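Work through the following exercises with the sequence and the model open side by side. Each task is followed by a solution that proceeds in steps.

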Amino acid sequence: MVDTKADLILHPIRIRIITELLRNEMSPQQLAKLLSDVPQATLYRHINKLEKANILEVISETPIRGTVEKVYGVVAGASRLSPDDIKTMSAEEHLHYFMTFAASLIGDFTRFIEQVEPDDPSVLSGAMQYSKALFYLSDDEALEINKAIAEMAQKVYENQPAPHRKRYMMSFISIPDKSSDEGDS
């Protein structure tokens, strides 16, 4: 069976690899330090699969003690599904891929919550949060707010590590509620 692009990028471990490499080009050894819960052989297998699918590319190669250290990056535009990729999906495929994405969020949260103490300032201050809200928007307004959120995220996406900064993982999901298409009267 041939993996679709969605199969390739929406695998829980590959999502994490791509997310890290979107921030910084890295060697597998550097990735292994950040994804310490992923066995090294598994990490290499997923990196190779993404490289063969032209989602990752080798940025540089450095000879080190008889071997070659490769540094990987994400091929421009390859980490996102195109409108054409999305149009060809069935409802079942959408549900499957969304469940995979949601499972990766659950995994991220599980790793966080298993490491944090109940009195950790990031929990107590509200820096860690999850919420859900409903809005009434036209399609144009929904596109506008999604664009604004993406622009705000892009501004801080360029931030480099610093002593006063810690890593935050943020996810945003926008779902039209088709049950309310008639609107309120």
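**Exercise 1.** In which sense do strand β1 and β2 pair, and over how many bridges?

*Solution.* Keep in mind throughout that this is a predicted model. Begin with strand β1, which covers residues 56-64, and follow its pairing with β2, which is antiparallel and extends over 8 bridges. Next, take one position as a check on the register: T62 stands opposite E69 in β2. Finally, look at the connection, where β1 and β2 form a hairpin with 2 residues between them, and where R65 in the turn has a positive phi of about 40°.

**Exercise 2.** Place the hairpin within the order of elements in the protein chain.

*Solution.* First take the inventory, which comes to 8 helices and 2 strands. Then read the elements from the N terminus on, which gives α-α-α-α-β-β-α-α-α-α.

**Exercise 3.** Which residues of the largest nonpolar core touch the most other members, and which elements give two or more residues to this core?

*Solution.* The largest nonpolar core holds 23 residues, and those touching the most other members are I17, L21, L31, L43, I47, I55 and L56. The elements that give two or more residues are α1 (5-9), α2 (12-23), α4 (40-52) and β2 (67-74), with the largest share, 5 residues, coming from α2. To see one of these core residues in its surroundings, select I55: leaving out residues up to four places away in sequence, I55 touches L8, I9, I18, L50, G73, V74, V75 and A78.

**Exercise 4.** Is V156 buried or exposed?

*Solution.* Locate V156 in helix α8, which spans residues 139-157. The cut-off for exposed is over 50% relative accessible area, and V156 therefore counts as exposed, since its relative accessibility is 52%. For a sense of its position, compare V156 with D84: the two are 72 residues apart along the chain, and their C-alpha atoms are separated by 29 Å.

**Exercise 5.** Describe the protein chain as a whole in terms of its extent, burial, contacts and charge.

*Solution.* Start with the extent, for which the C-alpha atoms fill a box of roughly 75 × 45 × 30 Å along the principal axes. Of the 185 residues, 22% are buried, while the chain exposes about 14100 Å², of which carbon and sulfur atoms supply 57%. Among contacts with a separation of 6 or more, 54% come from residues 24 or more positions apart. Lastly, count the charged side chains, 20 positive and 28 negative, and note that the centres of the two sets lie 8 Å apart.

Note on methods: Residues numbered from 1 in each chain as written. Predicted model: local features only at pLDDT ≥ 70, side-chain atom pairs only at ≥ 80, totals over all residues. Heavy atoms only, no water. Core = buried A, V, L, I, M, F, W, Y, C linked by side-chain atoms within 4.5 Å. Buried < 20%, exposed > 50% of the residue type's maximum accessible area, 1.4 Å probe, protein only. Helix = DSSP H or I, 4+ residues; strand = E, 2+ residues; numbered from the N terminus. Contact = heavy atoms within 4.5 Å. Pairing = 2+ DSSP bridges. Areas by Shrake-Rupley, 256 points an atom, 1.4 Å probe, with all protein chains shown as cover. Lys, Arg positive; Asp, Glu negative; His and termini not counted. Charge placed at Lys NZ, Arg CZ, Asp CG, Glu CD.
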